[in-house]
Amino acid sequence: MSENIDNTSNQSPETPTQARQVITVHLQNIPLLKGLPAELLNEIGKRMIFRSYPKNSFVLHKGGKADFLIFLLSGQLQVIDISSDGRIVGLSFLNPGDYAGELSIIDGKPRSASVVASENSLVALLPRLDARRLIYTQPLLAERTLISLATKVRISTTYRAILGIPNAAQRLYAFIQQLAKKGVGNLITIENCPNQQELASMVNVRRETVSRALKILFEQNIIEKDGKRLIIRNAERLNELANTATKI
């Protein structure tokens, strides 16, 4: 994977006023920044650097300097690590509105993981000093950051438990349960569902195993594909398989 450094900063004289306005709207839709005064959002936007990353390019590298807090404006990113034998280990996904890199922003230590674009993505990078100033001077941001960190710790604990399941199919089914969220009309979905290779990297199985396990779910009408969205039609049966799936 190669790193892309296409800088589309809104501070560039080539960036039109309309583009700045679109970016401001993006910032208002970011949960971490939602509700901040328009003047402050405008100032944040001026200090941000905007970069586009093609699919499979690195956004952050493990061990790199904590230069920026990153916000995903469009596309999808995956947080990964690389095992000692060079295998990609998926850790989590970032969807529009999510942010990453706050640990290094807070403690100043090198990045603990890498971030890769799962699809073409637009990212906003806020310099570390500006990000720290926001977190330490805006109580609302500080509270949201703490809640987000607590949530990530809980998810990480659940994820470690899933990886401890010896049966490969059960690991996948349990992970699908973890990703699924209840939405409008109590419909249970995975929006912007990871592809088979990404799922394989997350649960430490071969892609072929993921393909066979998903085939079972489709054949039993437990799940349904709608573009990049995965719909869980039979959550109870999925839960049964997550606990009793046989080796495949």
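This report describes a predicted model of a protein chain, taking up its confidence, its two sheets and its pockets in turn.

## Confidence of the model

The chain has a mean pLDDT of 86, and 88% of its residues reach 70 or more. Among the elements, helix 8 (residues 207-219) has the highest mean pLDDT, at 95, whereas strand 1 (residues 6-7) has the lowest, at 38. Over residues 1-19 the pLDDT is below 50, although this stretch has 40 contacts in the model beyond near neighbours in sequence. Where pLDDT is low, the predicted coordinates should not be read in detail.

## The sheet of strands 3, 8, 5 and 6

One open sheet is formed by 4 strands in the order 3-8-5-6, and the pairing is antiparallel. Strand 3 (58-60) and strand 6 stand at the edges with a single partner strand each, so one side of each is left without a neighbour in the sheet. On average, and with direction ignored, neighbouring strands of this sheet are turned by 35 degrees against each other. Helix 7 packs on this sheet, where it touches strand 5 (77-82) and strand 6, and the direction of helix 7 makes about 110 degrees with that of strand 6.

Following the order of the strands, strand 3 is joined to strand 8 by 2 bridges, the two running antiparallel, and Phe58 has Val116 of strand 8 as its bridge partner. Strand 8 also pairs with strand 5, in the antiparallel sense and over 4 bridges, with Val79 standing opposite Val115 of strand 8. Strand 5 and strand 6 then pair over 6 bridges, again in the antiparallel sense, and the bridge partner of Asp81 is Val89 in strand 6. Strand 5 and strand 6 also form a hairpin, with 5 residues between them, and in its turn Gly86 has a positive phi of about 85 degrees.

## The sheet of strands 10, 11, 13 and 12

A further open sheet of 4 strands has the order 10-11-13-12, and its pairing is antiparallel. Its edge strands are strand 10 (181-182) and strand 12 (223-226), each of which pairs on one side only. Strand 11 and strand 13 (residues 229-232) run antiparallel and are joined by 3 bridges, with Leu230 of strand 13 as the bridge partner of Ile190.

Two helices can be described against this sheet. Helix 6 packs on the sheet by touching strand 10, strand 11 and strand 13, and its direction makes about 105 degrees with that of strand 11. Helix 8 also packs on the sheet, touching strand 12 and strand 13, and the direction of helix 8 makes about 100 degrees with that of strand 12.

## The largest pocket

The largest pocket has a volume of about 1600 Å³ and is lined by 47 residues, of which Ser92, Phe93, Leu94, Lys152 and Ile155 lie nearest its centre. The elements that each supply at least two residues of this lining are strand 6 (88-94), strand 7 (99-100), helix 3 (102-107), helix 5 (139-163), helix 6 (168-179) and strand 11 (188-190). The largest share, 11 residues, comes from helix 5. By residue type, the lining divides into 24 nonpolar, 13 polar and 10 charged residues.

## The second largest pocket

The second largest pocket holds about 330 Å³ of space, and of the 16 residues that line it, Gln78, Ile88, Gln197, Glu198 and Ser201 lie nearest its centre. Strand 8 (114-117) and helix 7 (196-203) are the elements that give two or more residues to this lining, and helix 7 provides the largest share, 4 residues. The lining of the second largest pocket is made up of 6 nonpolar, 7 polar and 3 charged residues.

Note on methods. Residues are numbered from 1 along each chain as its sequence is written. This is a predicted model: local features need pLDDT of at least 70, side-chain atom pairs count only at pLDDT 80 or more; totals for chains, interfaces and linings use all residues. Side-chain values use heavy atoms; hydrogens and water are left out. pLDDT is the predictor's confidence in each residue, from 0 to 100. Contact means heavy atoms within 4.5 Å. On a 1 Å grid over the protein atoms alone, a cavity is a set of points where a 1.4 Å probe fits but cannot get out, and a pocket is an open set with protein on both sides within 12 Å along at least five of seven lines; lining residues have an atom within 4 Å of a point. Grid points are joined across faces, edges and corners, and a volume is the space filled by probe spheres set on the points. Ala, Val, Leu, Ile, Met, Phe, Trp, Tyr, Cys and Pro count as nonpolar, Asp, Glu, Lys and Arg as charged, and the others, Gly among them, as polar. Two strands pair if DSSP finds at least two bridges between them. Axes are lines fitted to C-alpha atoms, for helices over the stretch in contact, and angles run from 0 to 180 degrees between N-to-C directions.
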